[in-house]
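Subject: Structure handover

Hello,

Here is the structure for you to load. My notes on what turned up follow below it.

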Amino acid sequence: MNNRLKVLRAERNWSQQDLAERLGVSRQSVNAIETGKYDPSLPLAFRIANLFALPIEAIFTRD
Amino acid sequence: MSARKSVYHRYLGRMAVATMLYVAAIFVAAKTLHHAAAISPMAIGLALLPGLAVLLMLYAIARLLIELEDEYLRLLEVRKSLIATGVTLAVTSVWGLLEAFTAVPRLEVFWVFPIWCAGLALGAVVNKITMGSAGLM
C-alpha cells in the first residue's frame with residue numbers, strides 16, 4: 001500500500017515527531033508508515049484521515 | 001513522562017528485579033546445593049527460586065505486550081517473541097533428534113530460556129533490517 005503521509009506532513013511543516021504527537025503514536029510508527037514498512041490498522045488510518053480532514057482513500061492508495 | 005515511556009520503565013523495572021533475583025538465586029543454589037542433590041523441601045525450594053525469577057521475566061514481557069498501546073511498537077515486540085520461539089523450537093527440536101540418534105552431549109532443559117532470550121536479540125536484528133526499528137532492547 002502507498003500513502004501520501006510524508007507529503008501531507010511536509011505541506012503543514014510538521015516533523016515526524018509533531019505528527020506522532022498529534023496522532024498519539026510513536027515517531028517510529030510515523031516513520032515506518034511513511035517509508036512503507038508498516039501499514040496502519042484501520043482505526044489508526046481513520047485517525048490519520050481525521051487529522052488531515054481527508055478521506056482514507058485520498059491518503060492511502062493501492063500499489 | 002509519556003504513557004509509552006512509563007510502560008517501558010515499568011517493563012525495565014520488572015526485568016531488573018527479575019534478573020537480580022535470577023542471578024542471586026542461581027548463586028545461592030549453586031553454593032548451597034551440589035549437582036543432583038538429594039530431594040528435600042529445602043533443595044527443591046532453592047532449585048525453584050531461579051524458576052520463579054524466569055516466571056517474573058515472562059510476566060514482564062506479557063505485561064509489556066498488554067500495556068503497549070502503540071500498535072507498531074507492539075508489533076515489533078510480538079515479532080521478536082515469535083522469532084525467539086521459532087529459534088528455540090528449531091534448536092531444541094533438532095538437538096533433541098541428534099541426542100536421540102547420536103552421542104552428542106545432552107542439552108539441559110535449563111538452556112531453553114537463555115536460548116529464547118538469544119532469539120529475542122536475533123528478533124531485534126531482524127526487526128531492524130526488515131521493519132526499520134529494532135524495538136525495545
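The charged end of Arg12(A) sits over the ring of Trp14(A), 6.0 Å from the ring centre. Arg22(A) also places its charged end over the ring of Trp14(A), at 4.1 Å from the centre. Please keep in mind that this is a predicted model.

Trp14(A) is buried, because its relative accessible area is 16% and the cut-off for buried is under 20%.

**Aromatic pairs**

Searching the whole structure gives four aromatic pairs over all chains. One of them joins Trp14(A) and Phe52(A). Their ring centres are 5.7 Å apart, and the planes meet at 35 degrees. That makes the pair tilted.

What does this pair link? Distant parts of chain A. Trp14(A) belongs to the loop between helix H1 (5-11) and helix H2 (16-23). Phe52(A) belongs to helix H4 (residues 42-52). The two residues are 38 apart in the chain. Phe52(A) is buried, with a relative accessible area of 4%.

Another of the pairs is in chain B: Phe110(B) with Trp111(B). Here the geometry is edge-to-face, with 5.2 Å between centres and 85 degrees between planes. Phe110(B) is partly exposed, at 45% relative accessibility. Trp111(B) is partly exposed too, at 43%.

**Chain B overall**

Chain B has four helices and zero strands. Read from the N terminus, its elements run α-α-α-α. The C-alpha trace of chain B spans about 50 × 40 × 20 Å along its principal axes. Of the 137 residues in chain B, 31% are buried.

Leu68(B) is one of the buried residues, with a relative accessible area of 1%. You will find Leu68(B) in the loop between H2 and helix H3 (71-101) of chain B. Its C-alpha is separated by 19 Å from that of Ala121(B). Along the chain, those two residues are 53 apart.

**The largest pocket**

The largest pocket holds about 570 Å³ of space. It is lined by 23 residues. Closest to the pocket centre are Ile26(B), Ala29(B), His35(B), Ala47(B) and Phe110(B). Phe110(B) is also the residue that pairs with Trp111(B).

Three elements of chain B give two or more residues each to the lining: helix H1 (3-32), helix H2 (41-67) and helix H4 (112-131). Which of them gives the most? H2(B), with six residues.

By class, the lining of this pocket breaks down as follows:

- nonpolar: 18 residues
- polar: three residues
- charged: two residues

Where does the largest pocket lie relative to the domains of chain B? It lies between domain 1 (1-69) and domain 2 (70-137), because both give residues to the lining.

**Backbone points in chain A**

Two residues in chain A deserve a look in a phi/psi plot. Most residues other than glycine have a negative phi.

Asn13(A) is not a glycine, yet its phi is positive, at about 60 degrees. Asn13(A) is in the loop between H1 and H2 of chain A, which is also the loop of Trp14(A). Is Asn13(A) buried or exposed? Exposed, at 70% relative accessibility.

Ala53(A) has a positive phi as well, near 55 degrees. Ala53(A) is in the loop between H4 and helix H5 (56-59) of chain A. With a relative accessible area of 66%, Ala53(A) is exposed.

**A contact in space across chain A**

Arg62(A) is in the segment after strand S2 (60-61) of chain A. Its relative accessibility is 80%, so Arg62(A) counts as exposed. In sequence, Arg62(A) and Asn3(A) are 59 residues apart. In space, their C-alpha atoms are 8.6 Å apart.

**Recap**

In chain A, Trp14(A) has the charged ends of Arg12(A) and Arg22(A) over its ring. Trp14(A) also forms the tilted pair with Phe52(A). In chain B, the largest pocket lies between the two domains, and Phe110(B) is among the residues closest to its centre.

Best regards

Note on methods
Residues numbered from 1 in each chain as written. Chains lettered and ligands numbered in written order. Predicted model: local features only at pLDDT ≥ 70, side-chain atom pairs only at ≥ 80, totals over all residues. Heavy atoms only, no water. Phe/Tyr/Trp six-rings, centres within 6.5 Å; stacked < 30°, edge-to-face > 60°. Buried < 20%, exposed > 50% of the residue type's maximum accessible area, 1.4 Å probe, protein only. Lys NZ or Arg CZ within 6 Å of the ring centre and 35° of its normal. 1 Å grid on protein atoms, 1.4 Å probe; cavity = no way out; pocket = protein on both sides within 12 Å on 5 of 7 lines; lining within 4 Å. Points joined across faces, edges and corners; volume = space filled by probe spheres on them. Nonpolar A, V, L, I, M, F, W, Y, C, P; charged D, E, K, R; others polar. Domains from an automatic or database assignment.
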